[in-house]
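Visitor: I have a model to look over, and I would like to go through how its helices pack. Where should we begin?

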Amino acid sequence: MTDSLIPKSGVCIILLLLSHFYGVFAETGDSCLKNKIDSLEYYSAPDTNRVNLLSNIAWQYRNVDYAKSKQYFHAAATLAEKLKFDHGIILIYQGLGIICFEKGEYDSSIYFHL
């Protein structure tokens, strides 16, 4: 009887493919974030598109750079409040509440969720 269903060479091939796909997805995520940051120049007008873009950038930064994530969320919140963009404000504060919760800032998390 065989010890495993997949030969050792098959395991190597699977690991190689998985590492390749991880590299492709990681690179795609980085380039996607860079494209969004570059788009800030295109969406320079203070409108809801800029609020959504700032919020998306903040959400992408949440696992990479906590401080930048909060910075972009606060910039989005300031603009959304100026525009009276209620839907955007709700999503931004929800995002801030989630990242504060993930970092153990429970008082801030409750504040932003409320």
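Guide: Begin with a term: contact here means heavy atoms within 4.5 Å. The model is a predicted one.

Visitor: With that cut-off, which residues in H5 do residues of H4 meet?
Guide: On the H4 side the residues are Tyr93, Gln94, Leu96, Gly97, Ile98, Cys100 and Phe101. The contact of H4 with H5 divides into seven nonpolar, five polar and no charged residues. The partners in H5 are Tyr106, Ser108, Ser109, Phe112 and His113.

Visitor: Are H4 and H5 roughly parallel or roughly antiparallel?
Guide: Two packed helices are described by the angle between their axes and the distance between the axes. For H4 and H5 the axes are 8 Å apart and the angle is about 165°. Angles over 145 degrees count as roughly antiparallel. H4 and H5 are therefore roughly antiparallel.

Visitor: What is the hand of the crossing where H4 passes H5?
Guide: H5 covers residues 106-113. The crossing of H4 with H5 is left-handed.

Visitor: How do H2 and H4 run, roughly parallel or roughly antiparallel?
Guide: The axes of H2 and H4 come within 11 Å and cross at roughly 10°. Angles under 35 degrees count as roughly parallel. So H2 and H4 are roughly parallel.

Visitor: Which residues of H2 and H4 make that contact?
Guide: By type they divide into five nonpolar, two polar and no charged. H2 gives Val51, Ser55 and Trp59, while H4 gives Ile92, Gly95, Ile98 and Ile99.

Visitor: Which helix gives the largest share of the largest nonpolar core?
Guide: That core has 20 residues, and those with the most contacts inside it are Val51, Tyr72, Phe73, Ala80, Ile92 and Leu96. Two or more residues come from each of H2 (48-61), H3 (66-83) and H4 (86-102). The largest share, seven residues, comes from H3.

Visitor: What does isoleucine 92 touch, leaving out residues up to four places away in sequence?
Guide: Ile92 is among the residues with the most contacts inside the core, and it is also part of the contact of H4 with H2. Its partners are Val51, Ser55, Phe73, Ala76, Ala77 and Ala80.

Visitor: Is lysine 84 buried or exposed?
Guide: Lysine 84 lies in the loop between H3 and H4. Its phi is positive, about 60°, although it is not a glycine. Most residues other than glycine have a negative phi. Exposed means over 50% relative accessible area, and lysine 84, at 67%, is therefore exposed.

Note on methods
Residues numbered from 1 in each chain as written. Predicted model: local features only at pLDDT ≥ 70, side-chain atom pairs only at ≥ 80, totals over all residues. Heavy atoms only, no water. Core = buried A, V, L, I, M, F, W, Y, C linked by side-chain atoms within 4.5 Å. Buried < 20%, exposed > 50% of the residue type's maximum accessible area, 1.4 Å probe, protein only. Helix = DSSP H or I, 4+ residues; strand = E, 2+ residues; numbered from the N terminus. Axes fitted to C-alpha atoms, helices over the stretch in contact; angles between N-to-C directions. Parallel < 35°, antiparallel > 145°, perpendicular 65-115°, else oblique. Left-handed = near helix turned anticlockwise from the far one by under 90°. Nonpolar A, V, L, I, M, F, W, Y, C, P; charged D, E, K, R; others polar.
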